[in-house]
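I opened this model to look up a few positions and the strands around them. My entries follow in the order I made them.

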Amino acid sequence: MSPLDGAETIGAASPVARHTHPRGNRRHPRTGICARPLSHSFAVPAKDPAAVPRSRRLLLSAVRAWEVPLVDETLYDLALLSGEVIANAVLHTSGPCSVTVSWTGTRLRVEVADTADRLPTQRARELYAESGRGLTLVASLAASWGSAGTATGKVIWFEVAPAASALDVDRPAGLVIPATA
């Protein structure tokens, strides 16, 4: 059985997980990209800083298991951004949060839902401030991001995309472009 099958939780939170990976899902013959969306969700306990790196590793293991065509730099950005967003939810809210990572075939989306109803805002920070730059980091590295209120709090999300060449299915194979001086 795969470590991504069944209910999963980080730390002592109750099992709240959803993982969809259709058996026999066909991949495009040239790109290897799955034809149907993939999704994995798990719960993260409140006020447990040790849950952040465990959550980040679980998220990355799902993405690697799906064989999403992300270059190493994008995987590094994904780890950094997911750690930032999960840490904010764990440290600055009173209840547990849930994390969902989804692959649509063109973008990878991470959503972190928590129980706080106050939406995040980017603020100007002093040059040597020790915190407060998380949203600036997310805005700088993510392909897109946002937040929205929910019935029980809010959700913060961001998306990363594979390099354009990984998704370019119309490019002729073996095309050589001559170098110019």
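**Entry 1: Thr93**

I started with Thr93, which lies in the loop between α2 (72-92) and β3 (97-103). The model is predicted, and I kept that in mind throughout. Is Thr93 buried or exposed? I read a relative accessible area of 5%, and because the cut-off for buried is under 20%, Thr93 counts as buried. Next I looked for a polar partner of its side chain. A polar atom of the Thr93 side chain lies 2.4 Å from the backbone oxygen of Ala89. I then listed the contacts of Thr93, leaving aside neighbours within four places in sequence. The list holds Lys47, Asn88, Asp114, Thr115, Ala116 and Lys154.

**Entry 2: the whole chain**

I stepped back to the whole protein. I noted four helices and six strands. What pattern do they follow along the sequence? I wrote down β-β-α-α-β-β-α-β-β-α. The protein has 181 residues, and buried residues make up 38% of them. The exposed area is about 10,400 Å², with 55% of it supplied by carbon and sulfur atoms. For contacts between residues at least 6 apart in sequence, I noted that 62% join residues at least 24 apart.

**Entry 3: Ser41 and strand β2**

I went to Ser41, which is in strand β2 (residues 38-44). With a relative accessible area of 6%, Ser41 is buried, because buried means under 20%. Which side chain makes a polar contact with that of Ser41? I found Thr100, at 2.7 Å. I also checked Ser41 against Ser102: the two are 61 residues apart in sequence, and their C-alpha atoms are 8.7 Å apart in space.

How many of the residues of β2 are buried? I counted seven of seven, so I entered the strand as mostly covered. In a regular strand, side chains alternate between the two faces of the sheet. I sorted β2 by direction on that basis. Leu38, His40, Phe42 and Val44 point one way, and Ser39, Ser41 and Ala43 point the other way. The residues on both sides are all buried.

**Entry 4: the partners of β3**

I followed β2 to its partner. β2 and β3 are antiparallel and pair over seven bridges. I took down two of the bridge partners: Leu38 is matched with Trp103 in β3, and Val44 is matched with Cys97 in β3. β3 is also mostly covered, with six of its seven residues buried.

I then looked for what else pairs with β3. Strand β4 (residues 108-114) does, in the antiparallel sense, over six bridges. Within that pairing, the bridge partner of Ser98 in β4 is Ala113. β3 and β4 form a hairpin with four residues between the strands. Which residue in this hairpin takes a positive phi? I noted Gly105, near 105°.

**Entry 5: strands β5 and β6**

I moved on to strand β5 (residues 144-149) and strand β6 (residues 154-160). They run antiparallel and are joined by six bridges. The two strands form a hairpin, with four residues between them. What stands opposite Trp145 in β6? I found Phe158 there.

**Entry 6: rings**

I looked for pairs of aromatic rings. Such a pair is described by the distance of the centres and the angle of the planes. With centres required to lie within 6.5 Å, the count came to zero aromatic pairs. I did find a charge over a ring: the charged end of Arg109 sits over the ring of Trp157, 4.0 Å from its centre.

**Entry 7: Leu135**

I finished with Leu135, which is in helix α3 (residues 134-141). Its relative accessibility is 15%, and because the cut-off is under 20%, Leu135 counts as buried. Which residues does Leu135 contact, once neighbours within four places in sequence are left aside? I listed Pro120, Thr121, Gln122 and Trp145. Trp145 was already in my notes, opposite Phe158 in β6. Last, I checked Leu135 against Leu81: they are 54 residues apart in sequence and 9.3 Å apart in space, C-alpha to C-alpha.

How values were computed. Residues numbered from 1 in each chain as written. Predicted model: local features only at pLDDT ≥ 70, side-chain atom pairs only at ≥ 80, totals over all residues. Heavy atoms only, no water. Pairing = 2+ DSSP bridges. Buried < 20%, exposed > 50% of the residue type's maximum accessible area, 1.4 Å probe, protein only. Contact = heavy atoms within 4.5 Å. Areas by Shrake-Rupley, 256 points an atom, 1.4 Å probe, with all protein chains shown as cover. Phe/Tyr/Trp six-rings, centres within 6.5 Å; stacked < 30°, edge-to-face > 60°. Lys NZ or Arg CZ within 6 Å of the ring centre and 35° of its normal. Polar contact = N/O pair within 3.5 Å; in protein donor to acceptor, adjacent residues only side chain to side chain.
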